[in-house]
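Reader: I am in my first year and would like to look closely at one part of a protein instead of skimming the whole. Could you choose a single helix and take me through its surroundings step by step?

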Amino acid sequence: MDQYEIRYAMAPDAGAIAALCSSGFANVHQSGFLPEDLAAFCQQQYSVAAIQADLEKADRFYLELVYGSEVVGCLRMGTPTLALAKPDLSGIELARFYLDAAHRSGGWGSGMLKMAEAESSKRGFGQVWLHVYLPNIRAQEFYYRHGYTKMGEEQLVFRQSHPTGLVLRKRLVEAVPASDYSVPGKTE
Ligand SMILES: CC(C)(COP(=O)(O)OP(=O)(O)OC[C@H]1O[C@@H](n2cnc3c(N)ncnc32)[C@H](O)[C@@H]1OP(=O)(O)O)[C@@H](O)C(=O)NCCC(=O)NCCS
């Protein structure tokens, strides 16, 4: 629909992105955190100042979904922080992927993911990594449908809380199967 647009986020969008990340993360992680830890985590990671500073760094980018003039979704791509992803020098990590509930299941999340993957590929990255909380089955199904595969599990440790999630990865350029190569002039 015409009112929707996926675009690169800029510093003035920090407030809207901070709000989406705080409510999105808190909803997904209710069961894995002590309430006071969850509040402290969101305060620390998703304050407007923290997001604004993050938006200005060159090694990462954010996409946002805009409906009319309102930012209703966000996604962040940045240098890997996951233990499984860090050794992958051509890897980039997807995080902070949240759509406002009223705008989900309309294909816009898929559109944002595809744009993030295309931009990552353009920047020379070969793999996308991400962490998805174990009970978040719907998001896992979404990523599997988009070609991600399970690489392992990792626990996030914050104060007294330690939720576990799956680590998923997708290769951005699949290897061409040997049978697809043909040698000119050779007929078998
Ligand atoms: C995951 C998410 C970004 C996908 O965006 P989207 O626009 O809903 O995605 P699409 O419309 O392209 O695909 C829809 C699929 O997303 C998945 N999904 C994951 N969480 C969902 C949720 N809370 N509500 C609706 N769909 C969800 C489902 O597999 C859904 O398929 P369905 O509509 O057949 O049930 C979005 O649904 C969302 O913000 N979910 C809640 C937060 C979350 O889980 N983020 C990922 C953290 S790792």
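Author: What follows is a close look at helix H1 and at the parts of the chain around it.

Please keep in mind from the start that this is a predicted model. The protein chain has five helices and seven strands, and, read along the sequence, these follow the pattern β-α-α-α-β-β-β-α-β-α-β-β. The C-alpha atoms fill a box of roughly 70 × 40 × 30 Å, taken along the principal axes, and buried residues make up 28% of the 188 residues in the chain. Among the contacts with a separation of 6 or more, 65% are between residues that lie 24 or more positions apart.

Helix H1 covers residues 14–29. With its 16 residues, H1 reaches 22 Å from its first C-alpha to its last, which is close to the 22 Å expected at 1.5 Å a residue.

Which residues of H1 are buried? They are Ala14, Ala16, Ile17, Ala18, Leu20, Cys21, Ser22, Gly24, Phe25 and His29. What covers these buried residues includes two further helices, H2 (35–45) and H3 (48–55), together with the strands E2 (61–67), E3 (70–78), E4 and E5 (127–133).

In soluble globular proteins, nonpolar side chains tend to be buried together. In this model the largest nonpolar core has 35 residues, of which Ile17, Cys21, Cys74, Leu75, Leu94, Ala116 and Leu130 touch the most other members. At least two residues of this core come from each of H1, E2, E3, E4, H4 and E5, and H1 gives the most, with seven residues.

Ile17 lets us follow this from a single position in the helix. If residues up to four places away in sequence are not counted, Ile17 touches Ala9, Ile51, Tyr62, Glu64, Val71 and Cys74.

Let us turn to the strands that help to cover the helix. E2 and E3 pair in the antiparallel sense over seven bridges, and within E3 it is Gly73 that stands opposite Leu65. The hairpin of E2 and E3 has two residues between the strands, and in this hairpin Gly68 takes a positive phi near 65 degrees. E3 also pairs with E4, again in the antiparallel sense, over five bridges, and here Met77 stands opposite Leu94 in E4.

Strand E3 also holds Arg76, and you might ask why Arg76 is described as buried. The reason is a count: a residue is called buried if 20 or more other C-beta atoms lie within 10 Å of its own, and Arg76 has 21 of them within that distance. Leaving aside residues up to four places away in sequence, Arg76 touches Arg60, Tyr62, Ala95 and Arg96. Arg76 and Arg96 are 20 residues apart along the chain, while their C-alpha atoms are separated by 5.5 Å.

Finally, there is the ligand. Of the 18 residues around the ligand, Arg104, Ser105, Gly109, Ser110 and Arg138 come nearest. Helix H1 belongs to this picture as well, as one of the elements that give two or more residues to the shell, the others being strand E4 (91–99), helix H4 (108–122) and helix H5 (137–145). The largest share, four residues, comes from H5, and the shell as a whole divides into eight nonpolar, seven polar and three charged residues. Helix H1 thus appears in two settings, giving the most residues to the largest nonpolar core and two or more to the shell around the ligand.

Technical notes
Residues numbered from 1 in each chain as written. Predicted model: local features only at pLDDT ≥ 70, side-chain atom pairs only at ≥ 80, totals over all residues. Near = placed C-beta within 6 Å. Nonpolar A, V, L, I, M, F, W, Y, C, P; charged D, E, K, R; others polar. Expected span 1.5 Å × (residues − 1). Buried ≥ 20, exposed ≤ 12 C-beta atoms within 10 Å, placed from the backbone. Contact = placed C-beta atoms within 7 Å. Core = buried A, V, L, I, M, F, W, Y, C linked by C-beta atoms within 7 Å. Pairing = 2+ DSSP bridges.
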